[in-house]
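Here is a short tour for anyone meeting this structure for the first time. Take a look at the model, then read on with it open beside you.

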Amino acid sequence: MIIRGAMICDANGEQKGDVRIKGNKIAQVDRSILPQENEEIIEAENLVLLPGAIDLNTRVSNGILSKENLLKLSQKAAKGGITQALLMPDCKPTLSSELGLELLNVIKDELKAEIIGISEAINTESENALNELAMLYKKGAKGIFVKSNTDGNLLRRACEFALMFDVPMFFVCEDESLSANGVMNDGELSSVLGLPAIPTLSETKEVAQMAEVARFMGVKAVFLGLATQRSVEIIQQLKVATKQKSELYLQTSIHHLILTETLCNNYNTAAKIKPPLKSESTRKALVKSVKKGEITLLTSLQSEKSLAQKDLAFEEAAFGVDMIESFMGLCYTLLVKMEHLTLSEFSKILSFNPANVLGLANKGLIAQGYDADLVLFNPKETSVVSNIESPYYDSIIHGQVKRVFVGGKEVVF
C-alpha cells in the first residue's frame, strides 16, 4: 500500500511525499515512490499524514469494564485520531487483575484503536497491600497507577517494581480530604453559585510530594491531568535543581487549555470535569507552558458518563467528559490554528512524547521500520459541535480526521 502525495508530518519535520506500508510497518518514506504491480494506492493530495495520537489517560463508559465498553472506547478513540489509548485501572471490575488484562488481550483483534492497560499499585480490597505487580506486568500492564495519598512504604515498594520492570509510574495528585465534597474550582464563581469547591491546594501539595518521591526513587513519572500552573512551577523548579536528571512528565487535558470555569454558569453539568475547569488566567498560563515545552503530554481525559448520571443537580452529577472523537481536531484548533505551533510540534506532543514515555521505540514517527499507525487529516475542513450535552456545544472545530490506519490496516468507522 502506498499513501501518495500527503504532507508528511512528525516530530522530525514536514515534507510532501509518499509512504509505503508493508504488513504492519512503514517500509519506505520518500518524495516519490514508484508503485509495484497491483499495489494499492491511496491518494492523499491536500491531506496531512500524521503518526496516530497516543492518549495516556482514558476511562471506559461509566467506569464499567466490559467488552462492549472497550469496543466503544476503541471506536471513538480511532475517530479522534488516536491509535493507542492507555486505560486507567480504576474501573469496575478493576483492570488491575489477571482477568481484567486478559480481557484486553482476548479482544485486541476486534479493537479499532489499540487499548493498553496499567495496573493500580494498591489492592483496593486490602489497602495495606500491593497488587501482584509482577504478574500484572507479565500480563501486559504498561505502568503502575498510584494515588498520591498512598501509604509511603507501599509507594516506595511500587516505585521499586517500576524500576525493576522499567515502566512509568502514573500519579493522580489529589488530597481527597481537601477536595472530597467539592464539585468545581474554588473561586468567585463557586461562591456565586453556592457550590462546594475544590481548592488548588488539593493538587499542588500532592504534586510537590510525588515529585520528590519520583526524584528520590529515580522513576519515570507521569503526572496525570494537571490543571494548575503552580503544579507546573513546582516540577520545573525540581527539574532545574536536579539539572533535568529526573524523568518527570506533565500532562494536562485539552479541555483545560480551551475551556474555563465560566462554563459552569447556570449549573451546566457538561462542564463538571475532574480536575475542575479553572480561571481564564490559569488556562492562558497552561497554554504558555505547553508552548514552552514544560507540559509535554495532552489527553482527552475521556470519561464518558450516561445522561442518567449527568442530567442531575450539579452537586449530584458525575464528573466526566466525552469528547475523544474530536481529540485531534480540538488539539489542532488550539495548538496550530490559534497558537500557531507547527505541525511538527503538534505531532511531537500528540504522538512522539507519549510513545517515548511508554518506551515504544517503534511508534510516534513516520519512518522506515516504525509501526504503521497513521492518520490522514484534513486541516481545512471544519465542523460544528451539535451535541447539546457537550461542553463544546455550538463550537467550531478546525480539522477533520479522514482515514486511520492501525498496524497497517485501515480502520472502518
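Two strands count as a pair when DSSP finds at least two bridges between them. That is the rule to keep in mind for the sheets below, and remember that you are looking at a predicted model.

**A three-stranded sheet**

Let's start with strand E6, which covers residues 53-58. Is E6 enclosed or open to the outside? Six of its six residues are buried, so E6 is largely enclosed by the rest of the structure. Buried here means under 20% relative accessible area.

The partner of E6 is strand E7, residues 82-87: the two run parallel and are joined by four bridges. You can pick out the match-up residue by residue. Ala53 sits across from Ile82 in E7, and Ile54 sits across from Gln84, also in E7. Between these two strands there is a helix to find as well: E6, helix H1 (residues 67-79) and E7 together make a β-α-β unit, and it is right-handed.

Zoom out a little and E6 and E7 turn out to belong to an open sheet of three strands, ordered E6-E7-E8, with parallel pairing. E6 and strand E8 (114-117) are the edge strands, each pairing on one side only. From one strand to the next, the twist averages 20°. As a general point, strands of a sheet pair through backbone hydrogen bonds, either parallel or antiparallel.

**A six-stranded sheet**

There is also an open sheet of six strands, in the order E9-E10-E11-E14-E15-E16, and its pairing is parallel. At its edges stand strand E9 (119-120) and strand E16 (297-299); each has a single partner strand, so one side of each is left without a neighbour in the sheet.

How many bridges join strand E15 to E16? There are three, with E15 spanning residues 248-253 and the two strands running parallel. One match to look for is Ser253, whose bridge partner in E16 is Thr299.

Thr299 also gives a handy reference point for another residue, Ser344: their C-alpha atoms are separated by 18 Å, and the two residues are 45 apart along the chain. Ser344 itself belongs to helix H13, residues 343-357. Its relative accessibility is 12%, which is why Ser344 counts as buried.

**A hairpin**

For an antiparallel example, go to strand E2 (residues 13-22) and strand E3 (residues 25-30), which are joined by five bridges. Lys22 stands across from Lys25 in E3. Two residues lie between the strands of this hairpin, and Gly23 takes a positive phi near 65°.

**Pockets and cavities**

Now for the empty space. Rolling a probe the size of a water molecule over the atoms shows where such space is left. Here are three of the spaces, with the make-up of their linings.

| Space | Volume | Nonpolar residues | Polar residues | Charged residues |
|---|---|---|---|---|
| Largest pocket | about 1100 Å³ | 20 | 16 | 13 |
| Second largest pocket | about 720 Å³ | nine | six | 13 |
| Largest cavity | about 50 Å³ | two | three | three |

The largest pocket has a volume of about 1100 Å³. Of the 49 residues that line it, Arg59, Asp90, Val172, Glu174 and Lys274 are the closest to its centre. The elements giving two or more residues to this lining are strand E10 (144-147), helix H5 (176-179) and helix H7 (201-217). You have met E10 already, as one of the strands in the six-stranded sheet.

The second largest pocket is lined by 28 residues, and those nearest its centre are Lys108, Asp109, Leu111, Glu114 and Val406. Helix H2 (98-106), E8 and strand E19 (409-410) are the elements that give two or more residues to the lining of this pocket. Which of the elements supplies the largest share of that lining? E8 does, with four residues.

Finally, the cavities: there are three of 30 Å³ or more. The largest cavity is lined by Pro51, Gly52, Ile54, Thr83, Lys363, Gly364, Asp371 and Asp373. Ile54 should look familiar, as the residue opposite Gln84 in E7.

Methods. Residues are numbered from 1 along each chain as its sequence is written. This is a predicted model: local features need pLDDT of at least 70, side-chain atom pairs count only at pLDDT 80 or more; totals for chains, interfaces and linings use all residues. Side-chain values use heavy atoms; hydrogens and water are left out. Buried means under 20% relative accessible area, exposed over 50%, partly exposed in between (1.4 Å probe, protein chains only). A crossover is right-handed if, with the strands pointing away from the viewer, the path from the first strand over the helix to the second runs clockwise. Axes are lines fitted to C-alpha atoms, for helices over the stretch in contact, and angles run from 0 to 180 degrees between N-to-C directions. On a 1 Å grid over the protein atoms alone, a cavity is a set of points where a 1.4 Å probe fits but cannot get out, and a pocket is an open set with protein on both sides within 12 Å along at least five of seven lines; lining residues have an atom within 4 Å of a point. Grid points are joined across faces, edges and corners, and a volume is the space filled by probe spheres set on the points. Ala, Val, Leu, Ile, Met, Phe, Trp, Tyr, Cys and Pro count as nonpolar, Asp, Glu, Lys and Arg as charged, and the others, Gly among them, as polar.
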